[in-house]
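Hi,

Here is the structure I promised to pass on. Have a look at it first, and then read my notes underneath.

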Amino acid sequence: MSNPEPSLSEQQQIRLEKLDQLRELGVNPFPTKFDVTHLSAEIHSDESLQTESQEDAPRVSIAGRVMTRRIMGKASFFTVQDSDGIIQVYIRRDDIGTDEYNTVFKKLVDIGDYVGIKGFVFKTRTGETTIHAEEFTFLGKTVRPLPTPKEVENEAGEVVRYDAFSDKELRYRQRYVDLVVNPDVRDAFIKRTKMVQTMRDFMNERGYLEVETPILQPIYGGATARPFKTHHNALDMPLYLRIANELYLKRLIVGGFDGVYEFSKDFRNEGLSRFHNPEFTQVELYVAYKDYNWMMDFMEQMIEQVAITLHGSTVVQVGEHEIDFKRPWPKIPMYEAIEKETGHNLYGKSDQEIEKIAESLGIHIEDGMGKGKIIDEIFGEFVESKLIQPVFITDYPIEMSPLAKKHSTREGLVERFEAICNGKEIANAFSELNDPVDQRRRFEDQARLRSEGDDEAMTIDEDFLRAIEYGMPPTAGIGIGIDRLAMIMTNSDSIRDVLFFPLMRPE
């Protein structure tokens, strides 16, 4: 017998003993393969699998976890859960053999164990699609019991559920268990995958090239954020996990590609919240000879298509709101949006004037906060959360946008937009700055902010400056937050609900 560790629970010790008994009976509790011909959903939907004659009935082979059992002497019912759902199985001693039924199935199989079934399909008297098992194969022993909920009917005839695996933190930590015992959770992740595939298809159909750029970077850039830092031993140099892939993708535009995109894992050394995970996914797209107005049209077309693909409609239910992604979306200049909510027109105001306005609005000013950061704080506090339907906030102050082209008609602004929906930014886009002299000046302004205490300000990337000195055409660029968009498209309250394995504090 295996020697259970003292820390194991009684249930775990019992299951380890069953594991030894299976081996003593000559049953391999962990075989290498099993041939599956059908999934549960197929069997439920395909009426051709059911015939009046048992002899003529097509045979099916399925595999999955045992989720419930009803032992009834010489015959029993149990359910098997596979990747597509759950199906009932009818099993008899006379079909699979006395030892296999009485010892292996009845005594050594537990809830959660993997089994394989071969047999034919029929309907019970209550009309439930069921597999009549002709062969039973043990495929995998669970040593740790699943947290299976129990349903009990109370005196009022209502079904009450006990012991559900519902603790949010535990579900995030043990997603592998969550997916088994709360199979509806899978729907959000399936929708996320379909969302990404729809976006990828949309860009591919327009001839844009999917590429890969470095995750480990000697200089981090493309956004204002604190990086994660590591060290390369062989080269004895610091490296950073990328905070964005923008500057590398724009190098490819310099190199002659007309349209490139990348679904990227990015990393920002920031706090955890309902909307923030330090490791997150975004797609960035850069298209030559276009501007931010073109990119607004492109984005609303693509996201409208995502909504239709996932929901069959442009309308998506998100909490108490029905959000409609039908285009066109409203376009509101940033200063106008702030003035509407605060009564203050910030356009043309000096740093000192904006600082005084912020203080009068109750915004806490920290050392090193420049004009751009203060305006961003005001917008975040008074405007952003009120924007529920998709909207483009446009024409940002130049101090907030060191990589965006100056506005063609309004002094002090840049051609930038953020797409905001359900109170949060889901995309950020520019007419990209391609003037190397102006870009160097902007980087130097960022370096000054950094020296004054802003540890999220950008660093000077000399190689990127060298690249655009070779010439970059007019370009439109966008970054779309996949996790936040997935939250909206799946009606999820937290970013952790759309990440299989979110970062958690140590247990």
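Two strands count as paired if DSSP finds at least two bridges between them. Keep in mind that this is a predicted model.

With that in hand, start at strand β18 (residues 413–421). Strand β17 (residues 391–397) is joined to β18 by 6 bridges, and the two run antiparallel. Within that pairing, P397 stands opposite L413 in β18. β18 also pairs with strand β19 (residues 424–431), again in the antiparallel sense and over 6 bridges, and there R416 stands opposite F430 in β19. The link from β18 to β19 is a hairpin with 2 residues between the strands, and N422 in the turn has a positive phi of about 55 degrees.

Is β18 enclosed or open? It is largely enclosed by the rest of the structure, because 9 of its 9 residues are buried. Both faces are covered: L413, E415, F417, A419 and C421 are buried on one side, and V414, R416, E418 and I420 on the other.

Now the nonpolar cores. The largest has 47 residues, and those touching the most other members are M195, M199, M203, M299, F325 and M489. Helix α9 (residues 292–311) gives this core its largest share, 10 residues. If you click on F325, look for its contacts with I303, E304, A307, T314, V316, P390, C421, I488 and M489, leaving aside residues up to four places away in sequence. Another core, of 40 residues, lies apart from the largest one, and L413 and V414 of β18 are among its members, as are Y286 and L346.

On to the aromatics. I get 17 aromatic pairs in total. One of them is F189 with F500: the ring centres are 4.0 Å apart and the planes are at 10 degrees, so this pair is stacked. The two partners are 311 residues apart, with F189 in helix α7 (residues 186–205) and F500 in the segment after α15 (482–489), so the pair links distant parts of the chain. F189 counts as buried because its relative accessibility is 6%, whereas F500, at 39%, counts as partly exposed.

There is also an aromatic cluster made up of F78, Y101, F105 and F136. R69 lies over the face of F105 in that cluster, at 5.5 Å from the ring centre. Elsewhere on your list to check, R410 lies over the face of Y347, at 4.2 Å from the ring centre.

Cheers

Conventions
Residues numbered from 1 in each chain as written. Predicted model: local features only at pLDDT ≥ 70, side-chain atom pairs only at ≥ 80, totals over all residues. Heavy atoms only, no water. Phe/Tyr/Trp six-rings, centres within 6.5 Å; stacked < 30°, edge-to-face > 60°. Helix = DSSP H or I, 4+ residues; strand = E, 2+ residues; numbered from the N terminus. Buried < 20%, exposed > 50% of the residue type's maximum accessible area, 1.4 Å probe, protein only. Lys NZ or Arg CZ within 6 Å of the ring centre and 35° of its normal. Core = buried A, V, L, I, M, F, W, Y, C linked by side-chain atoms within 4.5 Å. Contact = heavy atoms within 4.5 Å.
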